[in-house]
Amino acid sequence: GAGMSHGWTALLLLLAAALGPGTVARNASRGLAELDDAGLMAHVESSWRCHGDVRNIGFIHLPKTAGGSLHDAFRAVHTLRYVHYGADFNQKLKIRAGCNASEDTELKPCVVNDIKHAGSGVIFGGHVRLGTEHLVLDGAAGRTAGLVTVLREPVSWLVSRHSYLSNVNSPAFAKFKTMSCIEMVRQLDGEQAKKLGVRPEKAMTTWMMQLCGHLCAKLYRDGALSTEQAMSMVVRNLYTRFGVVGTLEAFGDFVDLLRARYQPLRSVRVTASKHKSSSSAKSKCKEELQSAAGREAIERSQSAKQLQVVYAHAERIFERQKQLARECTR
């Protein structure tokens, strides 16, 4: 279960401290090979519980995946306390010296203590890496946490990313106001590699690192994990760490799954998605990416191809979980 995966991650941390990068990579390969596709789906099936009575919920919010809609829905669940680890949460902490969170989504001790002392009944959400939830949701005896996330179809995600970047009023983003969608994709690997501090050929999107986790990101930057191994860990985590994996394209079904899976979320409602309908600019961007030149740009982008692989797994998990949820009502 999640404990087994977390234990394996801890083992990798010990290996990283005691052994060289090559040895860590070989051990990672063996660990990732323990579960094949059938074994991974079997884990999804065996870990499913109808209306599981977890004490806390962790929401790993990947960028541009209707997080705003979920934030509003979680805040409306009055039996739970929603803590959003993001700009608004950080702002509140700035009144305490040295307690504002850093850009790399690491949580500082005072943040952890703030949430731990809140007791049970917490939804913890934000643009954080997998592993953060253990710091704040599993910190006291008897506190169990359910973990959820939403992924988005890759072309739609790229269109939304372009729309967002081209509308940010900051000199640092000025180039995106005149950049085509195809050119954005062509530059994606270089930008993501720079953010991670790795060579361009090791580019992975920053949200892929969210799914890979804190330790995975560190080992990847240090050269102890190859791109293939890091991607395998992302896929494994989707199957073994999350109680609900949804897609933005079937957002209503995802919300239904939350209600079916977790007792504390049976009252959650999303009245209206903040996911805006396609504007003319978004339509033009989508047409660009669906053209021959756009498809070629995506095919040449390591980061974009990774999105396609992970999304395909998310769809597979989502469909099986919907089947399991229907069985809850029989």
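**Figure 1. Lys202 and Arg261 each place a charge over an aromatic ring.** In this predicted model, the charged end of Lys202 sits over the ring of Tyr220. The distance to the ring centre is 4.0 Å. A second view shows Arg261 and Trp48. Here the charged end of Arg261 lies over the Trp48 ring, 5.3 Å from the centre.

**Figure 2. Phe59 and Phe74 form an edge-to-face pair.** The structure holds 4 aromatic pairs. In the pair of Phe59 and Phe74, the ring centres are 5.8 Å apart. The planes meet at 75°, so the pair counts as edge-to-face. Phe59 belongs to strand β1 (residues 56-60), and Phe74 to helix α4 (residues 67-75). The two residues are 15 apart in the chain, and their pairing links distant parts of it. Phe59 is buried, at 1% relative accessibility. Phe74 is buried too, with a value of 0%.

**Figure 3. Phe173 and Phe176 form a tilted pair.** The ring centres of Phe173 and Phe176 lie 6.3 Å apart. Their planes are at 40°. Phe173 is partly exposed, with 26% relative accessible area. Phe176, in contrast, is buried at 5%.

**Figure 4. A salt bridge joins Lys322 to Asp253.** The closest N and O atoms of this pair are 3.4 Å apart. The bridge links distant parts of the chain. Lys322 is in helix α16 (residues 302-328), whereas Asp253 is in helix α13 (residues 251-261). In sequence, 69 residues separate them. Which partner is buried, and which is partly exposed? Lys322 is the buried one, at 14% relative accessible area. Asp253 is partly exposed, at 34%.

**Figure 5. Arg300 and Glu296 form a salt bridge within helix α15.** The N to O distance between the two side chains is 3.1 Å. Both residues lie in α15 (residues 292-300). They are 4 residues apart, about one turn of the helix. Arg300 is exposed, with a relative accessible area of 67%. Glu296 is partly exposed, at 42%. Elsewhere, salt bridges with shared partners join Arg161, Lys175 and Glu191 into one network.

**Figure 6. Asp222 and Lys218 form a salt bridge.** Their closest N and O atoms are 3.0 Å apart. Asp222 is partly exposed at 48% relative accessibility. Lys218 is also partly exposed, with 44%. A search of the whole structure finds 11 salt bridges.

**Figure 7. The largest nonpolar core contains 89 residues.** Which of these residues touch the most other members? They are Phe74, Leu151, Leu211, Phe254, Leu258, Leu265 and Leu289. Helix α16 gives the most to this core, with 9 residues. Phe74 also appears in Figure 2, where its ring pairs with that of Phe59. In soluble globular proteins, nonpolar side chains tend to be buried together.

**Figure 8. Gln210 is a buried residue of helix α10.** Helix α10 spans residues 206-212. Gln210 has a relative accessible area of 7%; the cut-off for buried is under 20%, so Gln210 counts as buried. What does Gln210 touch, beyond residues up to four places away in sequence? Its contacts include Ile60, His61, Leu62 and Pro63. Gln210 also touches Gly126, His127, Val128, Arg129 and Leu130.

**Figure 9. Confidence varies along the predicted chain.** The mean pLDDT of the protein is 78. Of its residues, 72% reach 70 or more. Among the elements, helix α1 (residues 2-18) has the lowest mean pLDDT, 44. Helix α15 has the highest, 96. α15 is the helix that holds Arg300 and Glu296, shown in Figure 5. Over residues 88-97 the pLDDT stays under 50. The model has 14 contacts for this stretch beyond four places in sequence. Residues 139-143 also have pLDDT below 50. This second stretch has 12 contacts in the model beyond near neighbours in sequence. Where pLDDT is low, the predicted coordinates should not be read in detail.

How values were computed. Residues are numbered from 1 along each chain as its sequence is written. This is a predicted model: local features need pLDDT of at least 70, side-chain atom pairs count only at pLDDT 80 or more; totals for chains, interfaces and linings use all residues. Side-chain values use heavy atoms; hydrogens and water are left out. A salt bridge is a side-chain nitrogen of Lys or Arg within 4 Å of a carboxyl oxygen of Asp or Glu. Buried means under 20% relative accessible area, exposed over 50%, partly exposed in between (1.4 Å probe, protein chains only). pLDDT is the predictor's confidence in each residue, from 0 to 100. Contact means heavy atoms within 4.5 Å. Rings of Phe, Tyr and Trp (its six-membered ring) pair if their centres lie within 6.5 Å; planes under 30 degrees apart count as stacked, over 60 as edge-to-face and the rest as tilted. A charge sits over a ring if NZ of Lys or CZ of Arg is within 6 Å of the ring centre and within 35 degrees of the ring normal. A nonpolar core is a set of buried Ala, Val, Leu, Ile, Met, Phe, Trp, Tyr and Cys residues joined through side-chain atoms within 4.5 Å.
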